[in-house]
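Q: Could you walk me through this structure before I plan my reading of it?

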Amino acid sequence: MRDTGKNNRNSAADRLIYHCDVNSAFLSWEASFRIHQLGEKLDLRTITAIIGGDREKRHGIVLAASMPAKKAGVRTAQPIAEALRICPELVVVPPRYDLYVRCSHSLLAILHEVCPLVEQFSIDEAFCDMSEIAGARRDPVGFANALRERIRDELGFTVNIGVSVNKLLAKMASDFTKPDRVHTLWPDEIPTKMWPLPVRDLFFIGRATEARLHAMGIRTIGEIAHTPETVLRGALKQHGTTIYRFANGIDYEPVIDSPPPNKGYGNSTTIDHDVTDPAEAKQTLLRLCDTVATRLRADGVRISVVAVSIRTFDLRYYSHQTVLESPTDITTELHGQACRLFDSMWDHTPIRSLGVHTSRVSQDAPARQMSMFDTTDYERYGRVDRAVDALRKRFGNHVLTRASLLPPKEESPEDNLPFARSDSDET
Ligand SMILES: [Mg+2]
């Protein structure tokens, strides 16, 4: 992956990255809302309680569980019925998404106050590039502890902060013991702190890869790190290279400033079955890219950051992004980048939802730089897109479907074209 972004001012060795992760986010946000706003005495965090999803649809599952509930055997992503069987006295609280968005914004606001370069990673997680912050450079752990305490005191919920030289290591560090802790994972701590962990603790490793690695006799992150890259690549393709690098602590991805709401263009979709076929996932990405690029062209803008996010059936959330050499509004190009990101991050764990988000929007982007190695006829793709846009404008969105989006069997074309803007548009 290239890292040509303007944010990548520092070489990997002298970067300082924080990963900030809210502890049991949905549950602690609900608990602190009830105590501070509703004046309730009972703290949900101290009893067997869960936030439980939409019973109507297929999301009748545990979204977050308190520590006492976890001790009783309740797990995230478990069906609520099963959780109630294990723990009959369980308190089930419905999700309150507007509250989560507000809490997330308050967290981001504090992070932005201490650091200009913040990348929101999910509703309760963000990376901060602290490389240029003098106080943090002087005392990375002390500064992180002060930030952690400030968040706890001002917002009423706790976070873990992971401290290291890149995003991957900082994220791994924030996952060590919880709650309300700061952990470091410096490169020289990798052998003692990261290598003994089971493979599934490594970022981007889900159940599918875990099973493959176990079959190869690989059980710890250290054993991945000591397996030749060619062997992993042979077994797991591009994803094998990704996890080999991660197991060795290698990650050059820059922290990319998150756009304020509505400054980026994105779309995501929850699929009504678990997707395991990469071709189907890429077709879904094409649909998302098609809607995003259509909006870019309608607004006369181009983007130069593309991100793909995956939520798996067991509610793991992965996101990966890249900076383009030239800004684009071309559907095919956006889709090509999205597929590349997808291949590097997906480990065949069944997918529940997919998202494409773009940012670094430019109004009058400079002409595309010519590259000796890229002979793609962008002019032609651009003309095709404009022709599609014109026909759709005249005859409606259903008039033209990209050939690879044509329904394979019984689906109606309408189902295949979610032209309505998705409500889950990221911020
Ligand atoms: Mg969290």
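The chat below takes up the metal site, then the fold and the cavity.

Q: What should I know about the model and its numbering?
A: This is a predicted model, in which local features need pLDDT of at least 70, side-chain atom pairs count only at pLDDT 80 or more, and totals for chains, interfaces and linings use all residues. Residues are numbered from 1 along each chain as its sequence is written, and side-chain values use heavy atoms, with hydrogens and water left out.

Q: Which protein donors does the magnesium ion have?
A: They are Asp21 (OD), Val22 (O) and Asp124 (OD), lying 2.1 to 2.4 Å from the ion; donors are N, O and S atoms within 2.8 Å of the metal (3.2 Å for Na, K and Ca), and water is not among the atoms, so sites may look incomplete.

Q: And where do Asp21 and Asp124 sit along the chain?
A: Asp21 is in strand 1 (residues 17–22), while Asp124 is in the loop between strand 5 (118–122) and strand 6 (125–129), 103 residues apart; strands here are DSSP runs (E, at least two residues), numbered from the N terminus.

Q: Are those two buried or exposed?
A: Both Asp21 and Asp124 are buried, meaning under 20% relative accessible area, with exposed over 50% and partly exposed in between (1.4 Å probe, protein chains only).

Q: What share of the whole protein is buried?
A: Buried residues make up 51% of the 427 residues.

Q: How many helices and strands are there?
A: The protein has 16 helices and 12 strands, a helix being a DSSP run of H or I with at least four residues.
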